[in-house]
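Thanks, everyone, for making the time. I would like to walk through one model with you, slowly enough that anyone who has not seen it before can follow along on the screen.

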Amino acid sequence: MHSALTLSILVLFSRLAIAALPFGNIGPEGTVLFLNGFHFLSGNASAEISANHYCTILSDDFLQCTVYTTGTTPAHLAGIEYIISPNLFATLPMEERQLWHSHSYEVTSGFLIEPHMPSSIDLSIMSNVLVGTYGKTAHTWRFDAQNKTVPEGIPELVMGYTEDGQITPDFVTKRDVLFGVNSTEIREQRENITKPVLIEGADSWVS
Ligand SMILES: *[C@@H]1O[C@H](CO)[C@@H](O)[C@H](O)[C@H]1NC(C)=O
Ligand SMILES: *[C@@H]1O[C@H](CO)[C@@H](O)[C@H](O)[C@H]1NC(C)=O
Ligand SMILES: *[C@@H]1O[C@H](CO)[C@@H](O)[C@H](O)[C@H]1NC(C)=O
Ligand SMILES: *[C@@H]1O[C@H](CO)[C@@H](O)[C@H](O)[C@H]1NC(C)=O
């Protein structure tokens, strides 16, 4: 999924970048990636969620992330995401694949960001590590409980957007302002990332 070089760059720079961040919490020891991206409730693409991911690398094929709410102090632990390589995804039975979402649009749209990461490093991580991957993510802090003090209810499956026009532009703008980034610029920086051919079975919510 990633070259050894990208991995060492990740370890070196992500720790520095995370240490300098003024928001959110640092995840468990071993976290090398800090990502912000958008999720939505499976079955309701208007239930938009901004999610901070703190990811550790378990192998070339497997990352795991804790997901925290964005812009709240203290940040709530909101869920988890498993991220796997296309090779590993392709081994899953079709029924299982329905629970996963692709990351290629999240990457190429500029919506998936690594706040404060130098753009050359970001480009390497996005194109060498993440663009072809698939994620499975469950939120323990439900969308309809987001304003409650206790994460009431059954954990829920969330998904990722796959094309323009699905997310409310204002939701993206608010996120950009919060993190001091410009998604449009990030999208332009990533314009030459090759979009992988999607493996059948993911993004089941689209059909
Ligand atoms: C989807 O989520 C939005 C935003 O919370 C809500 O207004 C709407 O009622 C939900 N739609 C359905 C079908 O649950
Ligand atoms: C949570 O509170 C915010 C701010 O008051 C509000 O905009 C949002 O709709 C609330 N969300 C839910 C799911 O009730
Ligand atoms: C973001 O970048 C784009 C492209 O460079 C630019 O057109 C736009 O005005 C910028 N938005 C903000 C809020 O700075
Ligand atoms: C993308 O590739 C084209 C053609 O090689 C080049 O002109 C352009 O500068 C590249 N864009 C970025 C952001 O690197």
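I will begin with how to read the model, and then go through its strands, its core and a few individual residues.

What you see is a predicted model, in which local features need pLDDT of at least 70 and side-chain atom pairs count only at pLDDT 80 or more, while totals for chains, interfaces and linings use all residues. Residues are numbered from 1 along each chain as its sequence is written, and chains are lettered from A and ligands numbered from 1 in the order in which they are written.

Let me turn to confidence. The average pLDDT of the chain, that is, the predictor's confidence in each residue on a scale from 0 to 100, is 89, and 86% of the residues score at least 70. Residues 22-27, however, have a pLDDT below 50, and this stretch has 10 contacts in the model beyond near neighbours in sequence; by contact I mean that the C-beta atoms of two residues, placed from the backbone, lie within 7 Å.

As for the overall layout, the chain holds seven helices and seven strands, where helices (H or I, at least four residues) and strands (E, at least two) are DSSP runs numbered from the N terminus. Reading from the N terminus, the order of elements is α-β-β-β-β-α-α-β-α-α-β-β-α-α. If we take the contacts between residues at least 6 apart in sequence, 66% of them join residues at least 24 apart.

Now to the strands, where I call two strands paired if DSSP finds at least two bridges between them. Strand 1 and strand 2 run antiparallel and are joined by nine bridges, with His 39 having Ile 49 in strand 2 as its bridge partner. These two strands form a hairpin with two residues between them, and Gly 43 in the turn has a positive phi of about 100°. Strand 2 then pairs with strand 3, again in the antiparallel sense, over eight bridges, and there Ile 57 stands opposite Leu 63. This pair, too, forms a hairpin with two residues between the strands.

Moving on, strand 3 (residues 62-69) and strand 4 (residues 77-84) are antiparallel and joined by seven bridges, and Cys 65 faces Glu 81 across that pairing. The loop between these two strands contains Pro 74, and the peptide bond leading from Thr 73 to Pro 74 is cis, with omega near -5°. Strand 4 is also joined to strand 6 (residues 134-139) by six bridges, running antiparallel, and Ile 80 stands opposite Ala 138 there.

What lies between the elements on the inside? Buried residues, meaning those with 20 or more other C-beta atoms within 10 Å of their own (exposed is 12 or fewer, partly exposed is in between, and C-beta atoms are placed from the backbone), make up 37% of the 207 residues. A nonpolar core is a set of buried Ala, Val, Leu, Ile, Met, Phe, Trp, Tyr and Cys residues joined through C-beta atoms within 7 Å, and in the largest one, which has 38 residues, Leu 35, Cys 55, Cys 65 and Leu 130 touch the most other members. Among the elements giving two or more residues to this core are strand 1, strand 2, strand 3, strand 4 and helix 5 (119-130).Staying with helix 5, its buried residues include Asp 122, Ile 125, Met 126, Val 129 and Leu 130. They cover an arc of only 110° around the axis, taken from the directions from the helix axis to the C-beta atoms, and so they lie on the same side of helix 5.

Is Ile 83, in strand 4, buried or exposed? Ile 83 counts as buried because 27 C-beta neighbours lie inside 10 Å. Leaving aside neighbours within four places in sequence, Ile 83 is in contact with Cys 55, Leu 63, Cys 65, Thr 133 and Gly 135.

Finally, two residues have a positive phi although neither is a glycine: His 116, at about 70°, and Asp 203, at about 55°. His 116 is found in the loop between helix 4 and helix 5 and counts as partly exposed, because it has 17 C-beta neighbours inside 10 Å. Asp 203 lies in the segment after helix 7 (183-189) and is buried, with 21 other C-beta atoms within 10 Å.
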